[in-house]
Each structure stands twice: as structure tokens, then as C-alpha cells.
Amino acid sequence: MDLFEYQGKQFFAGYGIAVSPGEVADTVDDAVAAADRLGYPVVVKAQVMVGGRGKAGGVKLAANTAEAREHAEFILGLDIKGHVVKRLWIEKASDIAEEYYASFTLDRAAKKHLGMLSAQGGVEIETVAEEDPDAIAKIWIDPVEGLTEAVARAWVEEAKLNPLANDGAVELLQKLYTAFTDGDADLAEVNPLILTPEGKVHALDAKVTLDDNASYRHDWAEYEASQVRDEREQAAHDKGLQYVGLDGYVGVIANGAGLAMSTVDIVNQVGGQAANFLDIGGGANAEVMAGALEVINNDPTVRAIFINIFGGITKGEEVANGIVTALGRVKIDSPIVIRLDGTNADQGRAILAAHESESLVSKPTMLEAARAVVEIAGKR
Amino acid sequence: MSIFVDETTKVVYQGLTGSQGKFYGLRNRDYGTQVVAGTNPKKAGTDVEGIPVFANVGEAVAATGANASCIFIPAPGVKDAVLDAVNGGVEFIVVITEGVPAQDEAWFFNKVKRDNPNVRILGPNCPGIISPGKANIGITAGEIALAPQPGKPSVGIVSRSGTLTYQALYELKLQGIGVTTCVGIGGDPVPGTSFIDCLEAFEADPETRAVMMIGEIGGSAEEEAAEFIANKMSKPVSSYIAGVTAPAGKKMGHAGAIVSGGKGTAAAKMEALQAAGVKVGNNPTEAGELMVEIVKGLA
């Protein structure tokens with residue numbers, strides 16, 4: 001789960017990391033009131049989960065009440081790469097002497113935590129990594145050992161920040177590491193991390209991705225409530241289904257993430273375009289199948305549906321009965337092509353055969369089913 | 001031969017008394033796996049259809065000689081369950097549970113690696129391991145796997161994805177190709193056992209003549225495997241990577257399956273594997289057909 005900047009800063013503040021004081025505002029009046037309370041100058045910042053907000057005019061400095069009003073009016077409702085700004089973060093402006101970059105994430109290949117620190121902050125770190133890889137000081141941290149002060153200090157020295165920043169950076173990085181580990185983040189990134197003329201180090205931005213698997217041991221209800229999903233994804237989420245909306249017109253239902261991805265692949269490979277990825281999990285009972293069909297059915301772009309089930313533990317006849325029961329419960333607008341394989345596939349196909357029609361076709365292999373569904377969708 | 005587990009492996013099921021643990025523990029026993037014990041501190045001294053339940057893995061090992069464990073404990077308890085297994089003295093730990101926090105995985109992987117380097121973890125979030133005809137530990141349906149056939153070459157399977165693992169087993173069975181061992185390594189960020197661990201074991205196993213490897217978008221495990229295949233493997237490999245047409249930045253179900261910034265794409269993985277001499281199919285069926293060709297060449 002990705003956090004908005006203001007949530008990331010609240011998350012950081014919870015671990016004692018220095019951030020600029022600020023307030024959230026959803027209306028122009030609230031934004032102006034917040035700015036007046038904080039004292040000028042302030043920065044008016046669009047809260048959207050997309051990069052390049054500054055360039056799109058979504059981050060502006062206001063020296064007084066009139067400017068705060070002007071910027072808030074401009075930014076609220078602004079469309080930044082398809083994300084419409086509904087919320088602002090009004091922050092007390094900081095004097096900046098230098099800008100750095102810092103982050104913690106998991107290095108899957110090394111199976112260790114990776115810390116990255118650079119004296120070149122405020123820009124895309126990918127660009128720095130490409131053009132001047134030596135400008136990023138990297139450390140790999142054993143999760144069992146953690147980040148000790150001595151290691152953090154050596155790392156900070158290697159990154160060649162302004163020596164004035166060293167003490168503050170060591171302290172902040174250790175707190176950031178704690179936020180990353182204890183806070184169950186997949187990513188904790190600060191860009192820029194700033195040094196003020198007074199020699200203080202603090203986080204001017206916050207990019208945080210939380211590990212959904214750890215939600216049971218945190219109170220993330222507020223973060224969860226503000227997640228932006230499209231309608232289809234929200235409906236699937238409410239039913240506990242793994243769903244990703246895509247741009248095509250063939251609805252996909254499969255059991256298992258790998259098989260679902262594979263199904264999207266094969267639809268695209270035979271000349272169609274998948275409308276979604278939908279994983280109903282290892283089994284395939286009637287209730288889950290009915291829920292999945294409802295989600296797909298409510299997607300107006302879908303012209304035909306491909307159900308791809310491999311019965312392992314769940315036997316073919318149980319899967320087939322599940323599909324038939326689900327079809328009895330949900331009125332489906334689009335024709336369905338089913339590929340059922342695996343344990344007792346023959347029995348399952350026999351059950352489906354009894355219900356076969358123009359709008360319910362069964363095919364024995366993935367490839368044949370994919371071709372059939374794309375052909376049917378093409379005629380509609 | 002098989003890798004990692006065979007008919008002599010004695011398994012303790014952590015969470016045997018839960019609904020999932022009981023269902024699969026008994027299924028695995030029916031398959032022929034030596035399911036010797038279960039654990040549950042609150043139900044020590046009882047049994048599940050004749051399988052004795054102990055308070056912890058150490059007691060189960062002392063009483064039954066178990067040398068492997070299979071974990072069906074809910075995600076919040078997995079970290080402690082892994083430590084219980086390690087401290088109890090088993091050397092192979094299969095973690096079926098999905099939804100384990102990444103920080104826990106990273107922590108117990110490194111903890112076990114440092115303090116008990118002889119212990120192998122498989123998973124979390126994996127279907128388990130099956131050496132057809134010998135042992136089945138986990139949730140794979142045993143009947144879709146064909147044991148090695150006398151006089152015919154057998155192959156090994158290693159996969160990051162559950163249902164595609166079953167698909168692979170099944171396609172090979174339909175073709176009459178026996179499997180020495182099929183390892184589902186799982187799609188989580190910190191898998192205890194990697195592609196390379198399995199490829200290395202298959203390379204060393206004389207009965208395994210070729211390997212089928214099923215990968216997924218995201219991460220760089222397939223690229224690392226390609227390097228290993230190019231430099232260290234003499235046996236032929238066929239492969240399929242799921243998510244060829246997945247759009248960038250979309251997370252598709254598995255924690256592992258995300259493409260970002262052009263890295264971890266299926267195209268990059270397929271290219272790396274092809275460069276290493278691997279026969280790469282565009283879908284699971286094609287990868288199966290490629291394996292049939294490979295096996296014909298071996299016979």
C-alpha cells in the first residue's frame with residue numbers, strides 16, 4: 001500500500017523523524033486557514049501518488065494569504081497525469097542549504113536490506129544511478145544485526161555529505177531504518193533529505209510503501225480508507241479477490257496468480273486484449289466464482305469472458321459444479337469460454353457439456369480456449 | 001534419485017490440528033509421506049488420526065526422529081514456528097503459509113542462515129515439494145504427478161508459481177515424462193530456497209536428466225538463474241515466464257510479481273534465459289512441448 005506524502009510524513013513522525021510542520025486541507029478555505037496558522041512562507045503541495053508533481057505545477061511557494069489562496073485554487077482539481085488533486089498538504093517552508101537522498105528497501109537478490117544515500121538529492125535517483133552510480137553510497141544491512149550507529153556513521157561519511165550534516169544524518173537514518181523495519185515498510189524513501197542553514201537535517205518529502213501482509217499488527221485503517229482504486233478494483237477488493245484492471249475487452253478469471261498472469265498473456269498473444277487480471281485463489285467454489293463473475297460482469301468494456309481453471313486439490317467436477325451454480329446466481333451479459341483441466345477434468349467437462357450453449361463454451365486447452373474467446377469477443 | 005526429500009524423510013506438521021494442517025497432513029500421509037508428528041502446545045499428548053501431537057518440534061523430533069517440518073501456522077505465527085523448527089533440530093522446513101510479512105521473512109532467513117547454515121527453508125507462500133512416488137510435503141495434488149518411469153529419462157521441476165507448477169506436472173504426466181522432484185519455491189520477496197539452489201541440486205542428481213523452470217515477472221531471480229545455467233549446468237533446461245504482457249508498475253497478486261522501471265520484465269528474463277541456452281516457451285504448454293523435445297533427444 002502506497003502512502004500519500006502527508007501520510008508518509010505522519011508515519012515518519014511516529015518514529016521521531018524530523019519533518020516540517022504542516023496540515024492537510026481539502027478546500028481552498030481550509031488551505032488558507034492552515035497557511036495562516038503555520039505562518040508564511042508556506043509550500044502548497046498536491047497530494048497525488050504520481051511523480052513529477054512539481055513540473056505539473058502541483059507544488060507552489062506562497063509568501064502570504066493571497067498567494068496561498070491563489071495556489072490552493074489552482075492546484076485543487078488539477079489533473080496530474082490522470083490523477084485529480086483532491087487534497088493539499090500545506091507545509092511551513094524550509095530554508096535549504098543542501099539536498100540529499102536516502103532510502104531503505106529490500107534487496108531481493110542479496111536477501112538483505114539495502115540502504116542508499118546520496119549527496120545528490122532532489123532529483124530522480126534513477127537518473128543519478130545511471131549517470132553517476134558512484135554518487136550513491138549503498139550498504140547492505142543484515143536484518144538480524146540491524147543498523148548500528150557505527151555502521152550508519154561510516155555510511156554517511158562514505159556518501160560525502162556536508163560534514164555539518166553528519167551527526168543529524170546518522171540520527172535520522174537510524175530512525176528511518178527503524179521506521180522501515182518496525183513499521184513494516186517495503187520502501188521508506190526521503191527525497192530530498194535536507195540540511196538547513198542552521199545545520200539541521202530533516203525529511204522534506206516522504207515516499208512510503210507499506211507491506212499489506214503486516215497490516216494485522218498495525219493500525220492502518222486511515223491509510224487504507226484513503227487508497228484510490230478504480231471502481232472495478234474496489235468491487236473486487238471488497239470481495240477479497242486479487243484483481244488488476246487492464247485496458248482490454250476479454251474478462252479473465254483464473255485460479256492462482258501465475259495461471260491468471262499466464263491467461264492474460266495467452267489472450268494477448270492470440271490477438272486479443274485482456275480486460276483484467278483476476279485470481280480467485282487455489283480452489284474454485286461456487287461462491288467465489290459467482291463473486292468473480294459479478295465483478296467481471298459489471299465491467300462495461302468486457303465483451304467475452306475466459307474462465308481458466310486448473311483443478312489440483314479442487315477436483316474437476318467440483319469446479320464445474322461451482323461454475324454452473326454461479327451462473328445460476330449471476331446473470332451474465334457476455335459469452336463465456338471455459339478451460340478446465342487437471343484432476344478429474346473429464347468429469348468436470350462432462351458436467352459443463354450438459355450446460356453448453358452459444359454463450360457457454362468449453363475447450364480442453366488454454367490455447368484453444370484463448371483463440372475461441374478472442375474470436376467470440378471480436379464478433380460482438 | 002530425488003532432491004531434498006524422499007521416502008525416508010520424516011515430517012512433523014506444525015499446525016496439524018488446524019483445518020488446513022489436518023487436511024493436507026492427512027493427504028500427504030495417504031500419498032505415502034512419513035507424517036510422523038504434529039505440534040500444538042495446547043494439544044500436546046493428543047493425536048490426529050493416529051499422528052501424535054507434541055508441544056513443540058524439539059519434543060516431536062526426540063520422540064519420532066523427524067528431520068523435516070511443514071508449517072501450516074497462520075502468518076502472524078510463522079516467524080516463531082520457523083525458530084521452533086530450527087531449535088527443534090529439523091533440517092528442512094517447508095513454509096506453506098501465505099501472507100507472511102516481508103520483514104519477518106528477511107529476518108528469519110538471515111537468522112537461520114547465520115546460526116544454522118545446514119538448515120534449508122522452502123517458502124513461505126509455496127505449494128511445497130513433491131518427489132513423485134516417494135514423498136509429498138505440501139498442497140500439491142499427488143495424482144497429477146508422474147513418478148520416474150523405468151528406462152525413460154526423468155526431469156526436475158522448479159517453479160515460483162503454484163498453479164503453474166501443477167500445470168507443469170500435469171503436462172509432463174500427459175506426455176509420460178516422470179518427475180524426480182518438483183519444488184515450488186513460492187513467489188514471496190525472500191524465498192528460503194532459490195531457483196539456483198534447486199538447479200544446483202538437480203545438476204548433481206544423476207536421475208534428473210533435464211529441468212523445467214517456471215518463473216514470473218518481478219525481481220531478478222530468473223536472471224540470476226540464467227547466469228548459473230550458463231556457467232554451471234550441463235543439463236538441458238526449458239522454461240516459461242508468466243507475465244509476458246503485464247503492464248509496468250502493476251502488482252499482480254504475488255508480492256513477487258511486479259514490474260517497475262523496465263527491470264524484472266518477462267522479456268528481459270526470457271532473453272537472459274535464451275542467452276544461457278534455455279528453451280523458452282511463450283506459454284506453459286509450449287514449455288511442456290519443448291521439454292518433450294528435450295527428453296526425446298535424451299532417450
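Biologist: Which residue's side chain makes a polar contact with the side chain of Thr208(B) at 2.8 Å?

Modeller: Bear in mind that this is a predicted model. Thr208(B) sits in strand β12 (residues 208–216) of chain B, and its side chain also has a polar contact of 2.5 Å with the side chain of Asp205(B). The partner at 2.8 Å is Thr180(B).

Biologist: Is Thr208(B) buried or exposed?

Modeller: Leaving out residues up to four places away in sequence, Thr208(B) touches a list of residues that includes Met1(B), Ser154(B), Phe202(B) and Lys235(B). Its relative accessibility is 0%, and the cut-off for burial is under 20%, so Thr208(B) counts as buried.

Biologist: Let's go to the interface. What is the area buried between chain A and chain B?

Modeller: People often give the size of an interface as the accessible area lost when the parts come together. Here chain A brings 49 residues to the contact and chain B brings 59. Carbon and sulfur atoms give 56% of the buried area, and the total is about 4,000 Å².

Biologist: Which residue of chain B forms a salt bridge with Glu145(A)?

Modeller: Side chains of opposite charge can pair when their charged atoms come close. The rule finds two salt bridges across the interface of chain A and chain B. In the one with Glu145(A), the closest N and O atoms are 2.9 Å apart, and the partner is Arg114(B).

Biologist: Which element gives the most to the side of chain A that touches chain B?

Modeller: Between the two chains there are 19 residue pairs in polar contact. Several elements of chain A supply at least two residues each to the side touching chain B, among them β8 (112–118), α6 (166–182), α9 (257–269) and α13 (366–378). With 10 residues, the top contributor is α9(A). That whole side splits into 21 nonpolar, 14 polar and 14 charged residues, and the name you asked for is α9(A).

Biologist: On to the cysteines. How many disulfides are there over all chains?

Modeller: A disulfide needs two cysteine sulfur atoms within 2.5 Å. By that rule the count is zero. Cys126(B), for one, has its nearest cysteine sulfur 7.9 Å away, in Cys70(B).  Cys182(B) is too far from the closest one, at 9.6 Å in Cys198(B), for a bond, and the total stays at zero.

Biologist: And what is the relative accessible area of Cys182(B)?

Modeller: Cys126(B) counts as buried at 3% relative accessibility. Cys182(B) is buried too, with a relative accessible area of 2%.

Biologist: Any cis peptide bonds? Which residue is joined to Pro124(B) by one?

Modeller: In chain A, a cis peptide bond joins Tyr40(A) and Pro41(A), with omega about 0°; Pro41(A) is in the loop between α2 (28–38) and β2 (42–46). Pro124(B) lies in the loop between β7 (120–122) and β8 (128–131) of chain B. With omega about 5°, its cis partner is Gly123(B).

Biologist: What about odd backbone angles: what is the phi of Lys81(A)?

Modeller: Lys81(A) lies in the loop between β4 (79–80) and β5 (83–84) of chain A, and at 62% relative accessibility this lysine counts as exposed. Lys81(A) isn't a glycine, yet its phi is positive, at about 50°.

Biologist: Phe4(B) has a positive phi as well. Is that residue buried, partly exposed or exposed?

Modeller: Phi of Phe4(B) is near 65°, and the residue is in the segment before β1 (10–14) of chain B. Since 28% relative accessibility falls between the 20% and 50% cut-offs, Phe4(B) counts as partly exposed.

Biologist: Back to charges. How many residues apart in sequence are the parts tied together by Glu143(B) and Arg27(B)?

Modeller: The two side chains meet in a salt bridge, 3.7 Å from N to O. Glu143(B) is in the loop between β9 (135–138) and β10 (154–159), while Arg27(B) is in helix α1 (residues 19–31), so the separation is 116 residues.

Biologist: Lys269(B) and Glu222(B) also form a salt bridge. Which helix holds Glu222(B)?

Modeller: The closest N and O atoms of this pair are 2.6 Å apart. Lys269(B) is in helix α8 (residues 266–275) of chain B, and the pair ties together parts 47 residues apart. Both residues are buried, and the helix holding Glu222(B) is α7 (residues 221–232) of chain B.

Key:
Residues numbered from 1 in each chain as written. Chains lettered and ligands numbered in written order. Predicted model: local features only at pLDDT ≥ 70, side-chain atom pairs only at ≥ 80, totals over all residues. Heavy atoms only, no water. Contact = heavy atoms within 4.5 Å. Buried area = accessible area lost by both parts, 1.4 Å probe. Salt bridge = Lys/Arg side-chain N within 4 Å of Asp/Glu carboxyl O. Polar contact = N/O pair within 3.5 Å; in protein donor to acceptor, adjacent residues only side chain to side chain. Helix = DSSP H or I, 4+ residues; strand = E, 2+ residues; numbered from the N terminus. Nonpolar A, V, L, I, M, F, W, Y, C, P; charged D, E, K, R; others polar. Buried < 20%, exposed > 50% of the residue type's maximum accessible area, 1.4 Å probe, protein only.
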